[in-house]
Amino acid sequence: MKVELEDLERKVIIVKETALTEWISNMVVVTTLNKIRICLNPRELNKVIQCPKYQMPTLEELLPKLSKAKIFSTLDAKGGFYQISLDEASSKLSTFWTMFGRYRYLWVPFGVSLAPEEFESNLQEKQYDLEGVEVIQDNIIAMGFGETEKLAERKRI
């Protein structure tokens, strides 16, 4: 856990917090096979956060566009919440305690209720005018609509 906290601090995702803050959350450690992830458990904070009312697209809405594609590639925006910066006031709200001291996030942390909608709305905004690119949750789908058989024939010549 200390190594992960140091890594997040080195990457400037979190910073030490020594001043008094209005909110403090518990830290949750999520483990996978070979990695741990530091998350917040902002139960009380999530009760008062004003979440954006963003309607995320569903797979059913995307299927008509996907059905016309010939080639697909997907990109996983792993750690994507760390691409959305917090202003100073919001950062202070993300303070959490550990046995090594208190820290706060400079980027949207895992565990905050608005994170998925905020992240996906940002992705949707960035890809809005890109033809053949769709977003569903944290996955970016790039599609090709060309006639692959004709392309394959040209390569043989």
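Two strands pair if DSSP finds at least two bridges between them. With that term in place, this briefing turns to the predicted model shown above. The strands β4, β8 and β7 form one open sheet, and the strands β1, β6 and β5 form another. The pairing of β2 with β3 and the surroundings of residue Y105 are also described.

**The sheet of β4, β8 and β7**

- This open sheet has 3 strands in the order β4-β8-β7, and their pairing is antiparallel.
- Its edge strands are β4, covering residues 71-76, and β7, covering residues 133-136; each of them pairs on one side only.
- On average, neighbouring strands of this sheet are turned by 25 degrees against each other, if direction is ignored.
- Strands β4 and β8 run antiparallel and are joined by 6 bridges. Within this pair, T74 has I141 of β8 as its bridge partner.
- Strand β8, made of residues 139-144, pairs with β7 in the antiparallel sense over 4 bridges. V133 has A142 in β8 as its bridge partner, and V135 stands opposite I140 in β8.
- The hairpin of β7 and β8 has 2 residues between the strands, and Q137 takes a positive phi near 55 degrees there.

**Helices that accompany this sheet**

- Helix α3, formed by residues 59-66, lies across β4, β7 and β8. The helix runs at about 160 degrees to β7.
- Helix α5, formed by residues 115-127, packs on the sheet and touches β7 and β8. The direction of α5 makes about 175 degrees with that of β7.

**The sheet of β1, β6 and β5**

- This open sheet also consists of 3 strands, in the order β1-β6-β5, with antiparallel pairing.
- Strands β1 (14-16) and β5 (96-98) stand at the edges; each has a single partner strand, so one side of each is left without a neighbour in the sheet.
- From one strand to the next, the twist averages 35 degrees.
- Strands β1 and β6 pair in the antiparallel sense over 3 bridges. In this pair, V15 stands opposite R104 of β6.
- Helix α1, which spans residues 2-10, lies across β1, β5 and β6 and runs at about 105 degrees to β1.

**Residue Y105**

- Y105 belongs to strand β6, which covers residues 101-105.
- The relative accessible area of Y105 is 0%; because buried means under 20%, Y105 is classed as buried.
- If its neighbours within four places in sequence are left aside, Y105 is in contact with a set of residues that includes L8, I13 and I14, as well as I38, C39 and L40. Further contacts of Y105 include Y82, L86, S91, S94 and F96.
- K92 lies 13 residues from Y105 along the chain, and the C-alpha atoms of the two residues are separated by 7.8 Å.

**The pair of β2 and β3**

- Strand β2 (residues 26-31) and strand β3 (residues 36-41) run antiparallel and are joined by 6 bridges.
- The bridge partner of V29 is I38 in β3. I38 is also among the residues in contact with Y105.
- A hairpin of 4 residues joins β2 to β3.

How values were computed: Residues numbered from 1 in each chain as written. Predicted model: local features only at pLDDT ≥ 70, side-chain atom pairs only at ≥ 80, totals over all residues. Heavy atoms only, no water. Axes fitted to C-alpha atoms, helices over the stretch in contact; angles between N-to-C directions. Contact = heavy atoms within 4.5 Å. Buried < 20%, exposed > 50% of the residue type's maximum accessible area, 1.4 Å probe, protein only.
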